[in-house]
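Please take a slow walk through the structure shown here, moving from one part to the next and keeping the sequence at hand.

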Amino acid sequence: MRIEIDKNSGFCFGVVRAITEAERALSEGGEVCSLGDIVHNRIEVQRLERMGLRTVSHGDIASLKGCRLLVRAHGEPPATFAAARAASIEVIDATCPVVAKLQERVVRAHRRMERCNGQVVLFGKRGHAEVVGLTGQVARETAVVENEEDLQALDFSRPVHFLSQTTCSVGMFERLCRILESRLADGMLTVENTICGRVSSREHGLQQFARSFDAVIFVCGRKSSNGKVLFEVCRAANPHTRNIEEPSELRPEWFAEADSVGICGATSTPLWLMEDVKKAIENMKK
């Protein structure tokens, strides 16, 4: 059986940077806390926790003493940094540069829309850490839409500045843009495609990769927004695509009639985990 790992899968730059910062801080000694899961991959989080990383919530900030607080790649609103300063906590800011730039764009979009009584609309998943950080950049409301139905809540008599969470589906973003264009008068829509280039470029590559194998195993954490999007891309290209979080979820019957298996993952999936999946499949076929 031919088993291959997609060479373009695995951690994106922002995740690599955050994990590198965490490992560096842990090597220096002292307690290091991550504000939420450092990456939406349970297996990688457990690896870092074994090294000493502690995962905390926003409600813990006021009571944290003597630790360094890592802000993960998803970013945080200004209120989080203010709370850390008030508690005299050292912050390690590992916000992905792409996300940080988007945060600045959200602020600029609000300034622009305030001048014309317009609306800032963000395509993204409500409650997602990145979206919470983006909508928290300003006091004014940012409308969050997840699908076509959510657009119905907008006021189409007012201008719209439309942006996206960095890890969303390119196809859905483009569909929502077309609907907005059809509903708004000329000159009332401003669109900024702020989907991360690493995510948008991967969709086409994953389609080609998935079509090249009899069976495909897509590895990602259950919480990964990017993983959900890219898994659906793979499954649309190859219906024999399965989504797992770790090797123990593999089933021999998935490969009974397969001569080739492709292994790929989200931007939050570590290469070492995909390599473990490959070894597990190889052991099944012995």
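**The pocket, the sheets and two buried residues**

The residues that line the largest pocket of this predicted model divide into 11 nonpolar, 11 polar and two charged ones. The space inside the largest pocket comes to about 350 Å³, and among the 24 residues of its lining, those closest to the centre are Cys12, Val15, Thr166, Thr167 and Thr267. Several helices take part in this lining, since α1 (13-27), α4, α7 (197-211) and α8 (225-237) each supply at least two residues to it, and α1 gives the most, with three residues.

From the pocket we can turn to an open sheet of four strands, in which the order is β7-β6-β8-β9 and the pairing is parallel. The edges of this sheet are formed by β7 (143-145) and β9 (189-191), each of which pairs on one side only, and neighbouring strands are turned against each other by 25° on average, with direction ignored. If you look at one pair of neighbours, you will find that β8, which covers residues 160-164, pairs with β9 in the parallel sense over three bridges, and that phenylalanine 162 has valine 191 in β9 as its bridge partner. Helix α4, made of residues 97-115, packs on this sheet and touches β6 (119-123), β8 and β9, while its direction makes about 170° with that of β8. Another helix, α6 (residues 170-183), lies across β6, β7, β8 and β9 and runs at about 175° to β8.

There is also an open sheet of four strands with the order β1-β12-β10-β11, and here too the pairing is parallel. Because β1 (2-5) and β11 (241-244) stand at its edges with a single partner strand each, one side of each is left without a neighbour in the sheet. From one strand to the next, the twist in this sheet averages 20°. Strand β10, which runs over residues 215-219, pairs with β11 in the parallel sense over four bridges, and phenylalanine 218 has asparagine 243 in β11 as its bridge partner. Helix α7 packs on the sheet by touching β1, β10 and β12 (260-265), with its direction at about 160° to that of β12, whereas α8 touches β10, β11 and β12 and makes about 160° with the direction of β11. Both α7 and α8 have already appeared in this account, as helices that supply residues to the lining of the largest pocket.

Two single residues complete the tour. Is isoleucine 92, which is found in strand β5 (residues 90-93), buried or exposed? Its relative accessible area is 7%, and because buried means under 20%, isoleucine 92 counts as buried. Leaving aside neighbours within four places in sequence, isoleucine 92 is in contact with Glu21, Arg24, Ala25, Arg68, Leu69, Leu70 and Val71. From isoleucine 92 to phenylalanine 255 there are 163 residues in sequence and 44 Å in space, taken from C-alpha to C-alpha.

Phenylalanine 255 is also one of the residues touched by leucine 250, which is found in the loop between β11 and β12. Leucine 250 has a relative accessibility of 4% and therefore counts as buried. Apart from residues up to four places away in sequence, leucine 250 touches Ile217, Ile244, Phe255, Val277, Ala280, Ile281 and Met284. Between leucine 250 and methionine 284, which lie 34 residues apart along the chain, the C-alpha atoms are separated by 9.4 Å.

Definitions and conventions:
Residues numbered from 1 in each chain as written. Predicted model: local features only at pLDDT ≥ 70, side-chain atom pairs only at ≥ 80, totals over all residues. Heavy atoms only, no water. Pairing = 2+ DSSP bridges. Axes fitted to C-alpha atoms, helices over the stretch in contact; angles between N-to-C directions. Contact = heavy atoms within 4.5 Å. 1 Å grid on protein atoms, 1.4 Å probe; cavity = no way out; pocket = protein on both sides within 12 Å on 5 of 7 lines; lining within 4 Å. Points joined across faces, edges and corners; volume = space filled by probe spheres on them. Nonpolar A, V, L, I, M, F, W, Y, C, P; charged D, E, K, R; others polar. Buried < 20%, exposed > 50% of the residue type's maximum accessible area, 1.4 Å probe, protein only.
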